[in-house]
Amino acid sequence: MNKEHYFDWAATSPADEDILQESLAISIKSWGNPSSVHQIGKNAALVLQEARSTAAKVLGVKAENIYFTSGGTESDQIALLSILNKPQKGTVLISSIEHPAIREQALALKKCGCNVVQIPCDSKGIICVESLEKLITNDTMLVCVMAVNNETGAIQPIYQIADLLKKVSQGKRKPKFHVDCVQAAGKIPLDLNYDGIDSAALSAHKICGPRGIGIFYSKNPIEPFLCGGGQEKGIRSGTENLFGAVAFSKCLERYFIKNNDNLAIQKYNEQVEITNSFIKKLSELKGCTIIPENRANLEDSSLYSPWVIQASFKNIPGNVMLRALDSKGFFISTGSACSTKKQSRPILEAMNVNKDLRESSVRFSFGPHTTQKAIDELFDAVKEVNATFNK
């Protein structure tokens, strides 16, 4: 398959082979169980700790606050399930545009007696901080808002939310604030150490790492709902994935974007220009609507990740566009890979996108190896398909 024409990076990314090969060699050499007390186990434990320290240094947080998990979904669920340890069940606020990892688990919490309330977004696909403030009550235990939406690329105001939660909780218990950073880490400038962010979820396979490894960041100790052998300080029991931890730490070193990293910011800004050019050309096609529509004027480009674009094509159902491009050797998606078997589009519904646009929308998502040439070729293919249905 042609990786050059792969435009579904929001689902998963092609792995960096050099990182995987190096990490595999390290894990083969350090093959012991990191929890074993003999020297072979201690050697593996040292490698695991080095990976943890590397990840923490890149993320700008303390190593003791980094826990390796099986991926973004488990990292999200650790934060959500932890509240079941509380003697009284309170309110959980989740954004209306969350990934199923949050949305579906929140519904499970509801069955356990928690009050689950959705925070509305506006037509731009961005959570309204003012609306969130009105929803906060004395029994609010947890607030979950993703950093970057996986279907529209909308960047959420997580730092303003963190500030809000500190402000409204002065003199009383602050609700925990969990951020799903799966589509943000390595994609946009990110500050996990920001005061008011209590926990976060990250996933390696979105930034050229292997599947099956994630990070749960927690600023303060939490009591896990699921227990076992006590690995990862009891937060995530189970024999550690040494290969995955090493590989993830190396991917973070290569791709994580800090606000003070001038080279990374420069590359990010270059991608913004490339993506804006693609959006402009798409919006000029007959029958094409960029979702949300305000993104087409490019004045609000700072509100969106340059790695994800949602667009709708009149008279072309999303799955038809997908198959047509697939037959030409171009690979896109109609939305979250975790929801492809479901017909509904809850994120677009939350944005009040009309049914016709929802059913004909597709997602283009890019990565650090996507070239300008490949995007130009993608546009030509989209233009050709669109012309067949919109003459």
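**Buried elements and salt bridges**

Helix H3 (residues 72-81) is largely enclosed by the rest of the structure, because seven of its 10 residues are buried. The buried positions of H3 are Gly72, Ser75, Asp76, Ile78, Ala79, Leu80 and Leu81. The model analysed here is predicted.

The largest nonpolar core comprises 101 residues, and those with the most contacts inside it are Phe177, Leu282, Phe313, Leu325, Phe364 and Leu378. Beyond neighbours within four places in sequence, Leu325 contacts Phe330, Ile332, Phe364, Leu378, Ala381, Val382 and Val385. A second, separate core contains 14 residues, including Leu80, Ile102, Leu109 and Cys114.

One cavity of 30 Å³ or more is present. The largest cavity holds about 50 Å³ of space and is lined by Val272, Thr275, Asn276, Ile279, Arg295, Ser301, Tyr304, Ser305 and Pro306. Its lining consists of four nonpolar residues, four polar residues and one charged residue.

The structure contains 20 salt bridges. One of them joins Glu4 to Lys373, with the closest N and O atoms 3.5 Å apart. Glu4 precedes helix H1 (17-29) and Lys373 belongs to helix H12 (residues 372-389), so the pair ties together parts 369 residues apart in sequence. Glu4 is partly exposed, at 30% relative accessible area, and is linked with Lys373 and Glu377 in a network of salt bridges. Glu22 and Lys250 form a salt bridge at 3.3 Å, N to O; this pair connects helix H1 with helix H7 (residues 242-255) across 228 residues.

Within helix H11 (residues 355-359), Lys355 and Glu359 are four residues apart, about one turn of the helix, and form a salt bridge at 3.9 Å between the closest N and O atoms. Lys355 is exposed, at 52% relative accessible area, whereas Glu359 is partly exposed, at 48%.

Terms used. Residues numbered from 1 in each chain as written. Predicted model: local features only at pLDDT ≥ 70, side-chain atom pairs only at ≥ 80, totals over all residues. Heavy atoms only, no water. Core = buried A, V, L, I, M, F, W, Y, C linked by side-chain atoms within 4.5 Å. Buried < 20%, exposed > 50% of the residue type's maximum accessible area, 1.4 Å probe, protein only. Contact = heavy atoms within 4.5 Å. 1 Å grid on protein atoms, 1.4 Å probe; cavity = no way out; pocket = protein on both sides within 12 Å on 5 of 7 lines; lining within 4 Å. Points joined across faces, edges and corners; volume = space filled by probe spheres on them. Nonpolar A, V, L, I, M, F, W, Y, C, P; charged D, E, K, R; others polar. Helix = DSSP H or I, 4+ residues; strand = E, 2+ residues; numbered from the N terminus. Salt bridge = Lys/Arg side-chain N within 4 Å of Asp/Glu carboxyl O.
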